[in-house]
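I opened this entry to look up two things: the contact between the chains, and one sheet with the helices on it. My notes follow the display.

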Amino acid sequence: MLSIIKTRLKQGCRTIKFPDRGFPLPKNYLGKPVIKKCSKCQKCQTICPVSCISESNNGISIDIGKCIFCRKCFQVCEEGAIQFEKTYELAEFSRSNLIYSTEMKKQESLLNKEIKRVFGRSLKLRQVSAGGCNACEADCNVLETVGWDMGRFGIQFVASPRHADAILITGPITKNMELALKKTYDALASPKLVITVGACAISGGIFAESSEVLCGVKKFYNVDLYIPGCPPHPATILHGLLKLIGKISE
Amino acid sequence: MVEAWRGETLHIAITDCKGRFIRYKIVDPSFHNWTALEVVLRNELIYNFPLCNKSFNLSYCGHDL
């Protein structure tokens, strides 16, 4: 007993302070893209494995709802027009806000006051892996550990859609999982929210051209929160969830 | 085909005439064992579920590979 207390005192509090930036992001971490004007040489567009880069008025635009953050585009860019910031705040309420270009005319993501009122103090999530690779799932799972302790904000994963307020979807929605996903969605009591985590769930990601997948959630349901990344950092997911329920602002 | 936990993992690659991949499918033991878990749980009480579920230790992601 004494040795347990001693160990506890030695270990101290292991929970990360959030949203304080007191925790280190990985050395190679890529966050928000910053795009400068360029000559549109199309090298990045050709090399991008998920075709998330397209031309816009002054240069290019990057859709981080598709991007797998493989860094090929900025390695190939001779003008240095593409850079990635080391920020984890990537989650958005609307799909169009995930597209970054030189102009950066972002719609203000307005907090839904009704969501804050209903789910602000308690949000229970049902996770559905619709053909995911376990990367997004692992980064969601880690939020329940002592390090992140999502429970302190009143957010929790539950074992049944009947207990849940929101459905958190990962994976590109394979044909085999379509029915299971629909059943889960229907089993949730209204009002319900839809949260998509990862490039696959948002747009199909690297599986977008496959005949076996249905390329993301948007076709089926109204999505309330998009959390991009391949996979997203746990901080990105937690920030998105807190933003959704109005616990933190931009 | 290689031995994995509670069964075999099978990698199937279909190539075209030039040797490039057309389809690549991985089947892990969970693919078969989810059905086995269903059979095990039939007509059983709910509190047996966690024990059975964790004994099988199936992958949620691998099922649909």
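I started with the contact, and found that ten residues of chain A and four residues of chain B take part. I note that the model is a predicted one.

I looked up the buried area next. Chain A and chain B bury about 500 Å² between them, with 50% of it on carbon and sulfur atoms. On the chain A side, 47% of the area buried against chain B comes from A:Ser129, A:Asn176 and A:Glu212, more than from any other three residues.

I then checked for polar links. The rule finds one salt bridge across the interface. A:Glu212 and B:Arg23 form a salt bridge through their side chains, at 3.9 Å from N to O. For polar contacts with both residues at pLDDT 80 or more, I recorded zero residue pairs across this interface. The side of chain A that touches chain B has two nonpolar, six polar and two charged residues.

I turned to the sheet in chain A. This sheet is open, has five strands in the order S7-S6-S8-S9-S10, and pairs in parallel. Its edge strands are S7 (155-157) and S10 (225-227), each paired on one side only. Neighbouring strands are turned by 25° against each other on average, direction ignored.

I followed one pair, S6 (residues 123-129) and S8 (residues 166-170) of chain A, which run parallel over five bridges. Within S8, A:Ala166 stands opposite A:Leu125.

I last looked up the helices. Helix H6 (residues 175-187) of chain A packs on the sheet and touches S6, S8 and S9 (193-197), with its direction at about 165° to that of S6. Helix H8 (residues 234-244) of chain A also packs on the sheet, touching S6, S7, S9 and S10, and its direction makes about 165° with that of S10.

Methods
Residues numbered from 1 in each chain as written. Chains lettered and ligands numbered in written order. Predicted model: local features only at pLDDT ≥ 70, side-chain atom pairs only at ≥ 80, totals over all residues. Heavy atoms only, no water. Contact = heavy atoms within 4.5 Å. Buried area = accessible area lost by both parts, 1.4 Å probe. Salt bridge = Lys/Arg side-chain N within 4 Å of Asp/Glu carboxyl O. Polar contact = N/O pair within 3.5 Å; in protein donor to acceptor, adjacent residues only side chain to side chain. Nonpolar A, V, L, I, M, F, W, Y, C, P; charged D, E, K, R; others polar. Pairing = 2+ DSSP bridges. Helix = DSSP H or I, 4+ residues; strand = E, 2+ residues; numbered from the N terminus. Axes fitted to C-alpha atoms, helices over the stretch in contact; angles between N-to-C directions.
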